[in-house]
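Biologist: Could you take me through one part of this model at close range? I would like to follow the metal site and the strands around that stretch of the chain.

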Amino acid sequence: MKHTIRQSICTTGQEALRKSQRRMAATLLPALAFVVVACGTGEDDSQDSGQAAVAAVDGARIMAADSEPGNWLTHGRNYDEQRYSPLTAINADNAAKLGLAWYYDLDTKRGQEATPIVVDGRMFVSTAWSMVKALDAATGELLWAYDPQVPGTKAVEVCCDVVNRGVAVWKGRVYVGTLDGRLIALDAANGEPVWTVQTTVPALPYSITGAPRIFDDKVVIGNGGAEFGVRGYVSAYDTDDGELLWRFHTVPGDPSKPFESKAMELAAKTWTGEWWTMGGGGTVWDAIVFDPVLGLVYIGVGNGAPWNQAIRSPGGGDNLFLASIVALDADTGEYVWHYQTTPGETWDYTATQPLILADLEIDGITRKVIMQAPKNGFFYVLDRETGEFISAKPFATVTWASGIDPETGRPIENPTARYSGPAPSFVAPGPVGAHSWQPMAYNPQTGLVYIPVQDAAFPYFADNNYERTELGFNTGVDFNSASMPQIPEVKAQIMSGVKGFLLAWDPVAQAEAWRVDYPGPSNGGVLTTAGNLVVQGTAGGELIAYRADNGQRLWSTPARTGVLAAPVSYEAGGEQYIAVAAGWGGVFALAPGEIGLLSGRVGNVSRILAYKLGGNVELPPGGALAELAFNPPELEPSDETVAQGMFLFHRHCVVCHGDAAVSGGLLPDLRASPAIASPEAFQAIVLEGVRGDLGMVSYAAELDGDDAEAIRAYLIARAHESLALADAP
Ligand code: CA
């Protein structure tokens, strides 16, 4: 009976909120606090009915997340997505006593990028291949597992590994987006599917790697695929039954057809040429943040398709809403405001990176701000009510622009940064960005934002013979000319410019507070806590705790695999835990080749790792990559054949098998592959697709037998070259 009354209060409170004008919601918050108390106590319910409601998360609970700090209810913990835990049992004074409490081995060897959700002692986490696990958060015991059976062949339609960045939990269900574009609602009690919708056109190279976000019984999901040539959009579905409620396209379609919205009609005026035949890009593959007070949902929009604007929109133009933060009406999905970080985007400078909401005192006035550190290397602070530009400063090495004009909010571009002719432009940041999806965190006690940063410039060569391909990247950039020169001195110089570091940034002063340098790029996402802690995993395979105020290193432990995902903190059984989904992967383990190994030869051992004070569980040894054993056959192809093979490799294979055929640690290194010993074995893989289930589909639509033989010749030549370099004094 009590349960029913409580549910009724909850429902009434939420409907009152839903029906109210979103912009009036602030005035309702005191009333809402009453509802929150009534809704947030699953344990009391269990005393009434004998069975606790599983994952009974709703908007009132998320808005009052600070009142139940032992839970991690949504992607960034609360709707502000600050990734700040109010828990203090683990703190700067005792973090040195942290130890492993439990670990859970995952059934995949690909990259792990998910933020676990923890509700009332249960952890819900997605893994590579969009699989979902429910675990006991105190013990790591498996409660249930769900596998959406994503076809292995889908792996060739994703740029940056078959990853998934997390689930959303709402009213007894767990929501996951799958690599092949489905959105699935699962019963949180047992993992059984409740409904499934296809959010993308299956025939097109769309993918989903991002976490859904939920508010007002709407589950919002975006997609990826801009490297391959798709048109981005974000969709809201009814959490109850999967009905499509609204959709916002981020770039305009064919202007000879009706525009989907007024926003698209306006955006089309900023494009030229026939961009819609190339997709246009602008995918919303990560950041989606709801603002319950303003009734807005902010989306981070990705890069152009193709990257090269001279091909995509040959007459120039801003190309809205590429590389923009866009605010939408949360009820209707209609455009409210936008801020474009990189007008006329041409360097893969997505603005999909995580968005954090905060109230900051700037020039004596408390402002409602939104903050982002996108790929382009500038840290932005905007007024989130209006989209007004407040400030931006570079947080990494930046050469494409000298600054942001404070009057217009537009970048002051370096005139040599664009590439369209025969000469390359060597630009920082490169396409991997100064900061990618790895979550940053904001600590309101220190006033600092903690950002996993990298310096990795890139020589952009225009592909002046651009032709759209069915399989693989459509960027308009020549990766063959950009590949790593195999001249030791030149290579050493390029590698020495690639860096990774954890940066503590003051968003009001727009200045560095402290930093910790790492050996290489692509380190993990960040957690900060009220215990004056910052916790981060590294590409080199450590999990480290620092003092949030000054960066002092307090504790570290070997994770025995590279860590990309951000840790979370929660309570279970009365104890505080810090947990992370560990497992090397992502873009640096694939396309950039040798640069991905700068932090060491750490492989993928996919696990959930959970730590507590006094934890004493031992992690099994291992995790290092085996040394490569090159055993290439003797083959004396012509220089022309090797050059043709090199060209074809960097056109079709580089995205997964690495620049200059060097594996970044995730997939087999082809220089050392037994498959290059025989033309028949090689062609069976490349042309017949015998390893399609592993993601290596047939390339017969793009390559013939001579092409495959040329690629094999290039790989053999690279193996001999690598042997010779290793033998050199
Ligand atoms: Ca991209």
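Modeller: Happy to; I will start with the metal site, go on to the sheet, and end with a run of hairpins. Please keep in mind that this is a predicted model.

The calcium ion has protein donors from Glu-227 (OE, listed twice), Asn-303 (OD1) and Asp-348 (OD), and these lie 2.3 to 2.9 Å from the ion. Along the chain the donors follow the spacing E-x75-N-x44-D. Glu-227 and Asp-348 link distant parts of the chain, being 121 residues apart. Glu-227 sits in the loop between strand S12 (218–221) and strand S13 (233–238), while Asp-348 sits in the loop between S20 and strand S21 (355–362). How accessible are these two? Glu-227 has 8% relative accessibility and therefore counts as buried. Asp-348 counts as buried too, because its relative accessibility is 4%; the cut-off for buried is under 20%.

Strand S20 takes us to the sheet. Four strands form an open sheet in the order S16-S17-S19-S20, with antiparallel pairing. Strand S16 (288–291) and strand S20 (335–340) stand at the edges with a single partner strand each, so one side of each has no neighbour in the sheet. From one strand to the next, the twist averages 15°. Inside that order, S17 (residues 296–300) and S19 (residues 324–329) run antiparallel and are joined by five bridges. If you want a pair to look at there, Tyr-298 stands opposite Ala-327 in S19.

Now for the hairpins, with strand S9 (residues 182–187) as the one to watch. Five of its six residues are buried, so S9 is largely enclosed by the rest of the structure. Strand S8 (residues 173–177) runs antiparallel to S9, with five bridges between them, and Val-176 has Ile-184 in S9 as its bridge partner. Four residues lie between the strands of this hairpin, where Gly-181 takes a positive phi near 90°. S9 is also joined by five bridges to strand S10 (residues 193–198), again in an antiparallel arrangement. There, Leu-183 has Val-197 in S10 as its bridge partner. The hairpin of S9 and S10 has five residues between the strands, and Gly-191 takes a positive phi near 80°.

For a contrast with those buried residues, have a look at the surface around helix H7 (residues 488–496), where Val-490 is found. Ile-487, Val-490 and Ile-494 form a nonpolar patch there, with about 200 Å² of accessible area together. Val-490 itself counts as partly exposed, because its relative accessibility is 31%.

Note on methods. Residues numbered from 1 in each chain as written. Predicted model: local features only at pLDDT ≥ 70, side-chain atom pairs only at ≥ 80, totals over all residues. Heavy atoms only, no water. Pairing = 2+ DSSP bridges. Helix = DSSP H or I, 4+ residues; strand = E, 2+ residues; numbered from the N terminus. Axes fitted to C-alpha atoms, helices over the stretch in contact; angles between N-to-C directions. Patch = residues over 30% accessible without salt bridge, like charges linked within 9 Å, V, L, I, M, F, W, Y side chains within 5 Å. Areas by Shrake-Rupley, 256 points an atom, 1.4 Å probe, with all protein chains shown as cover. Salt bridge = Lys/Arg side-chain N within 4 Å of Asp/Glu carboxyl O. Buried < 20%, exposed > 50% of the residue type's maximum accessible area, 1.4 Å probe, protein only. Donors = N, O, S within 2.8 Å, 3.2 Å for Na, K, Ca; no water.
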